[in-house]
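Please load the model in a viewer and keep a selection panel at hand. The tour below proceeds stop by stop, stating what to select and what is found there.

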Amino acid sequence: MTAFFALTKQLIKSTLKPTFKDEKEKKKYFGTLIALIVCLGIPYILMLVSIFGLVKASVELGYLAEILSIGFFMSQLLTFFFGLFKYINIMYFSKDNEFLFTLPLKSVSIFWAKFITILLYELIFSLLTVLPVCIVSIIAMATLGSFSAGILLMMLPATLLLPIMAILVIALLSYPIMKIMQFFKNRPILGAVMTVIFVAAIYVAIYLPIVLNTPNVDGSEIASGAADGSGTGVPMGEMYAMMLPSIAPLGKYFYHTYLLAMSMTVGGVKAFGYAMAFIGIVAVLAALGTLLAMWQFKRISQGVYENNGATASSKKQKEVKQTSLKKALVKKEFSSVLKSSNLLIQSGMMVILPPVLIFFLGTMQVKMNNSFVGLAIAELIIKLMTSSNTISILAVSRDGEGALMAKTMPISANQIVWSKIFVGFVFSAITVVLSTVAFAFIGGVNVLQVLGFFLSNIIYAWSVNRFCVYRDLKKPRVHWKNIEEIIKNNFASVIPMFLAFIPGLLVMIPTMVYGIVLTGLNPYAVGAAYLATTLLISGIYYLIVRGFTKVDVEELWNRIE
Amino acid sequence: MNDILTITNLSKKYKGNDKYSVKDLSFQVKEGELFAFLGPNGAGKSTTIKCISGALPYSEGNIKICGHDLHESPIEAKKNIGYVPDNHFTYDTMTGSEYVNFMADIYGVGVNDRKTRADKYVELFGLTDAIGKPIGSYSHGMKQKICVIGALIHNPKLWILDEPLTGLDPQSAFNLKELMKEHCKEGNSVLFSSHIIEVVEKLCDRLAIIDKGSLIISGSMEEIRAKNEDNSLEEFFLSVTQGDVLVGDEQEEFKF
């Protein structure tokens, strides 16, 4: 086996293959996996069914290319969102870099082995999003007799190239991100803030043109859209017919995915031209992205672990003051978060991205006269983001073997755990405050909606942080040498995020229904209905979390080994 | 005897630090030699070893391994070394045998050679029962042992070990020391760092003492003893590392 192949095989294995200490752990893992597949499988099938309806309506109304373009772009956006830190962690923050550079391998070989690993990881995601959408589209087109061979031919290239494109953009952007982090390495807080601002600016750059191009739609246009599309004859079809004329034109503005979608739908020589144009864009990106990333890979990676070996410059000694135990524990928690750039950046993202996304997506919906859809989206976004708070997800694990030291101290475990929940909550609370401000600014909402959004999400933030800290307390991973490793391998974050879909959807669906059904009522009455619903869901969530976390904290703490 | 490792005026400054971690360091390790690198904590031992192994970049000086310049032909130079880091990094998801085979693939070792060597070392370090288990389940000492096996699988000309005896049980420590001697007897060389003077005194042919990134003295044990008849190596080590670093002529006086 060649060295490159052996390395690639190993990296793929260590990234994708789960490891188990014993049979019990293996059984538990697969049990959880099956439960997750069953739980998520149902909404996934429902989603495919609704996509089928959407594609059918799009074919009938002549919006198929636009809708496919939007779908492909959203898939890329998700790959980008989840892939950005995965890429940076595997490529630059991985503990194995220091080891790999001592082996007789070219740094280009190490780069490609890692790049292929990341691509495969993202390809799995693409297989679950792009491919089924294509298959469903083919079936929908076939049932309407407007089948195009282009979609069949381009289905696999699309599945492969869409995530590749997103990863290439990440490869290009990771260079300035790493440069910012390294430039501010002696001031991690400033470095993290600059990185977060940079990434937020990327999101703004993505969303701004979309929002600016979103057409202003008033009620009469929606009504006429419904009338035009009433040919579908079913309520769902009518709803799509109502929505499509206002949403579909956006698809044209995602130029690259629109080219791909056109290659799938127009047929003939034109389809070939569109396909070549799309492939050409990918090729240019590939050349730029990989060349820049390859060129800088060794230098940046070595710079990351070099920082660990450098002795920090001595700082001015502050005056020492005695403080209470509670304050001392909270201070220690804040300090451990603020001193890890990676943790700080991930937390910073959690703070800054929801208000950015809520502002832009909300504005789009308001422009399209769908303020309740904007509110519903905001609810889902904030719940998903506050549930992926790494500070709380790794509350105990990030202490490393320091947690064992803490066991020897005369402190109540309840106090330690409270301080961990509190610090995680502070970051989530900032997210909620900023998101509420963004939400209030988009317009089309009244004071009751803003109040309901703020109060319910503050309650949710406390509950979800409590849930995450207790989860980690049950099974912390304290034996690590490099905090970046434990952050990188933080697969546990996926579960609270998936679970967040439940309260998220439970608020989202009635909110959207209120927007459609209660149109004749006073806006404050509708706002009150939303406020009551969202507070009720958050209250129930809080009670469920309290019930699940009614455990003997001291005993759990003592079990850490 | 040929030089297996030649370090000339090596200097290393970590990014963002004003001070040199290693300054103007020069020494050689010859064929068949067991060379120790002695120094207090933070002296620059690990930094030097990481530069030699290719883990850390350096901007000043030269490192040649078996005649290959580490900057100019890194692959050829690295093919000649086997490196056991102080943090004994391995992939926790691999089993011991997967790791050994992975290292053998990286260094292009044939199936028969890798099997013969792996069997020998696995038995020597008592890992027979653990070799099929994931490395994540290994103890500190077991991880150290699997790293040693991985580093020796291609029978390197230069075996580099950073603080190799930390965390090993007495039997394993003895076996490792014997293995280091055996490796040298076969015409290869060993470079290891330590701050345990007794180990260095008993084991090595030649040594270098560094402190605050600079070389204080290098030479064979006999040469150092001859220069320092009144004191033990421990007393000598303490006297030279607790005071200021010797410079200029003072340093020259201790070079052999």
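Two strands are taken to pair if DSSP finds at least two bridges between them. By that criterion, strand S1 (residues 3-12) of chain B and strand S4 (residues 60-65) of chain B are joined by five bridges and run antiparallel. The model is predicted, and every stop should be viewed with that in mind.

**Stop 1: the sheet of chain B**

Begin with S1(B) and S4(B), and select Ser11(B): its bridge partner in S4(B) is Glu60(B). Next, add S2(B), which pairs with S1(B) in the antiparallel sense over six bridges. Two positions show the register: Ile7(B) stands opposite Phe27(B) in S2(B), and Lys12(B) stands opposite Val22(B) in S2(B).

Now display the whole sheet. It is open, has four strands in the order S2-S1-S4-S5 (chain B), and its pairing is antiparallel. Which strands stand at the edges? They are strand S2 (22-30) and strand S5 (68-69) of chain B; each has a single partner strand, so one side of each is left without a neighbour in the sheet.

**Stop 2: helix H4 of chain B**

Select residues 111-124 of chain B, which form helix H4. H4(B) has 14 residues and reaches 20 Å from its first C-alpha to its last, close to the 20 Å expected at 1.5 Å a residue. Its buried residues are Ala118(B), Tyr121(B) and Val122(B). Viewed down the axis of H4(B), these fall within an arc of 100°, so they line one face of the helix. The spacing follows a general rule: an α-helix has 3.6 residues a turn, so residues three or four places apart point the same way.

The buried residues of H4(B) pack against H3 and H5 of chain B. Turn to the other side of H4(B), where Asn112(B), Thr116(B), Asp119(B) and Glu123(B) are exposed. After the helix comes Gly126(B), with a positive phi near 65°.

Continue to Asp129(B), in the loop between helix H4 (111-124) and helix H5 (140-152) of chain B. Is Asp129(B) buried or exposed? It is exposed, because only residues with 12 or fewer other C-beta atoms within 10 Å qualify, and Asp129(B) has 8. A distance label from Asp129(B) to Cys204(B) should read 32 Å, C-alpha to C-alpha, for two residues 75 apart in sequence.

**Stop 3: helix H6 of chain B**

Select residues 170-185 of chain B. This helix, H6, has 16 residues and spans 23 Å from its first C-alpha to its last, close to the 22 Å expected at 1.5 Å a residue. Ser172(B), Leu176(B), Met180(B), His183(B) and Cys184(B) are buried in H6(B). Down the helix axis, the buried residues of H6(B) fall within an arc of 115°, so they line one face.

What covers that face? The cover includes strand S3 (34-38), H5, strand S7 (158-162), strand S8 (189-194) and helix H7 (197-203) of chain B. On the other side of H6(B), the exposed residues are Pro170(B), Gln171(B), Phe174(B), Glu178(B), Glu182(B) and Lys185(B). Gly187(B), which follows H6(B), has a positive phi near 95°.

**Stop 4: the nonpolar cores**

The largest nonpolar core has 159 residues, and those with the most contacts inside it are Ala36(B), Ile149(B), Leu158(B), Ile160(B) and Leu191(B). Helix H6 (residues 149-183) of chain A gives the largest share of this core, 17 residues. Another core, of 65 residues, lies apart from it; Phe359(A), Leu361(A), Val366(A) and Phe427(A) are among its members.

Centre the view on Ala36(B). Leaving aside neighbours within four places in sequence, Ala36(B) is in contact with Phe192(B), Ser194(B), Val200(B), Leu203(B), Cys204(B) and Leu207(B).

**Stop 5: chain A and the contact**

Colour chain A by secondary structure: it has 23 helices and zero strands. Of its 561 residues, 44% count as buried.

Then select the contact between the chains, which takes 28 residues from chain B and 30 residues from chain A. On the chain B side, helix H1 (45-53), helix H2 (74-79) and helix H3 (96-106) each supply at least two residues. The residues of that side divide into 13 nonpolar, 10 polar and five charged.

Definitions and conventions
Residues numbered from 1 in each chain as written. Chains lettered and ligands numbered in written order. Predicted model: local features only at pLDDT ≥ 70, side-chain atom pairs only at ≥ 80, totals over all residues. Buried ≥ 20, exposed ≤ 12 C-beta atoms within 10 Å, placed from the backbone. Expected span 1.5 Å × (residues − 1). Arc of directions from axis to C-beta. Contact = placed C-beta atoms within 7 Å. Nonpolar A, V, L, I, M, F, W, Y, C, P; charged D, E, K, R; others polar. Core = buried A, V, L, I, M, F, W, Y, C linked by C-beta atoms within 7 Å.
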